[in-house]
Amino acid sequence: MEFGRRAVLLGAGGLVAGAAAGCSGGSRAGAGPGARAVAATRSPVPLPTTTPWRPDRADVSPDVKLRAVQVVEAIGAWSAGQGGAAAAKRRVAALGAAPSLVDAAGALLPAAGEAALQVVDAQYGGILADSARACVGL
């Protein structure tokens, strides 16, 4: 997806799921273990502990990547009783992003009682003067 840089920074965009073409996973400093979203309906085993992804100091526009990742994390991870599209839209709206981004989430929003998600990497899909794209690897 392509968004105006201002829209991304103001919260109107920033979602690019990890299944986007051309994205590759890989680890980066500061990323926690795991490379996939995990969902459970009623598991007696707790979900894995995850850590929020943080941009690298060397990133050209770290705020663009961070914004995209925060939206992905808000859609793909939730505690017990907080699942479903309506709850995901509330989480995305709380970030100041467009709740309609949830409608394009697909497999990032499974029917589950709770879910954990660890973003492993985020890469630029392109940076222009008025727009930017980011690719988020789970």
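1. Order of the elements. Reading from the N terminus, the helices and strands of the protein chain come in the order β-α-β-α-α-β-β-β. That makes 3 helices and 5 strands. Bear in mind while you look that this is a predicted model.

2. How far to trust it. The mean pLDDT of the protein chain is 76, and 68% of the residues reach at least 70. Confidence is uneven across the elements: helix α3 has the highest mean pLDDT, 97, while helix α1 (residues 5–10) has the lowest, 33. Residues 1–35 have a pLDDT below 50, although this stretch still makes 92 contacts in the model beyond near neighbours in sequence. Where pLDDT is low, the predicted coordinates should not be read in detail. I'd keep that in mind when you look at the start of the chain.

3. The overall picture. The protein chain has 138 residues, and 37% of them are buried. Take the contacts whose partners are separated by 6 or more positions: 71% of them link residues 24 or more positions apart.

4. The nonpolar core. Which residues have the most contacts inside the largest nonpolar core? They are Ile 75, Val 92, Leu 109 and Val 119, in a core of 24 residues. Four elements each give two or more residues to this core: α2 (62–76), α3 (85–94), β3 (114–117) and β5 (131–137). Of these, α2 gives the most, with 6 residues.

5. A closer look at Leu 109. Leaving out residues up to four places away in sequence, Leu 109 touches Ile 75, Trp 78, Gly 84, Ala 85, Ala 88 and Val 102. Ile 75 is worth finding on screen, as it is also on the list of residues with the most contacts inside the core.

6. The β4–β5 pair. Strand β4 (residues 121–127) pairs with β5 in the antiparallel sense, over 6 bridges. The link from β4 to β5 is a hairpin with 3 residues in between. To see the pairing, find Ile 127, which stands opposite Ala 132 in β5. Then look for Gly 126, whose bridge partner in β5 is Arg 133.

7. Is β5 enclosed or open? Here 6 of its 7 residues are buried, so β5 is largely enclosed by the rest of the structure. Recall too that β5 is one of the elements giving two or more residues to the core.

8. Rings and charges. How many aromatic pairs does the structure hold? The count is 0. There is a different thing to look at, though: the charged end of Lys 65 sits over the ring of Tyr 124, at 4.4 Å from the ring centre.

9. Leu 66 in helix α2. Leu 66 belongs to helix α2. Is Leu 66 buried, partly exposed or exposed? Its relative accessibility is 21%, so Leu 66 counts as partly exposed; the cut-off for buried is under 20%. Setting aside neighbours within four places in sequence, Leu 66 is in contact with Trp 53, Arg 54 and Pro 55. Ala 122 is 56 residues away from Leu 66 along the chain, yet their C-alpha atoms are separated by 8.4 Å.

10. Ala 94 in helix α3. You'll find Ala 94 in helix α3. With 70% relative accessibility, Ala 94 counts as exposed, because exposed begins over 50%. The C-alpha atoms of Ala 94 and Ala 74 lie 9.3 Å apart, with the two positions 20 residues apart along the chain counted as their separation.

11. Two prolines in one loop. Pro 46 sits in the loop between β2 (37–40) and α2, and Pro 48 lies in the loop between β2 and α2 as well. Pro 46 is exposed, at a relative accessible area of 67%, whereas Pro 48 is partly exposed, at 45%. Pro 46 is 68 residues from Glu 114 in sequence but 9.9 Å from it in space, C-alpha to C-alpha. For Pro 48 and Ala 115 the figures are 67 residues in sequence and 9.3 Å in space, again C-alpha to C-alpha.

Technical notes
Residues are numbered from 1 along each chain as its sequence is written. This is a predicted model: local features need pLDDT of at least 70, side-chain atom pairs count only at pLDDT 80 or more; totals for chains, interfaces and linings use all residues. Side-chain values use heavy atoms; hydrogens and water are left out. Rings of Phe, Tyr and Trp (its six-membered ring) pair if their centres lie within 6.5 Å; planes under 30 degrees apart count as stacked, over 60 as edge-to-face and the rest as tilted. A charge sits over a ring if NZ of Lys or CZ of Arg is within 6 Å of the ring centre and within 35 degrees of the ring normal. A nonpolar core is a set of buried Ala, Val, Leu, Ile, Met, Phe, Trp, Tyr and Cys residues joined through side-chain atoms within 4.5 Å. Buried means under 20% relative accessible area, exposed over 50%, partly exposed in between (1.4 Å probe, protein chains only). Contact means heavy atoms within 4.5 Å. Two strands pair if DSSP finds at least two bridges between them. pLDDT is the predictor's confidence in each residue, from 0 to 100.
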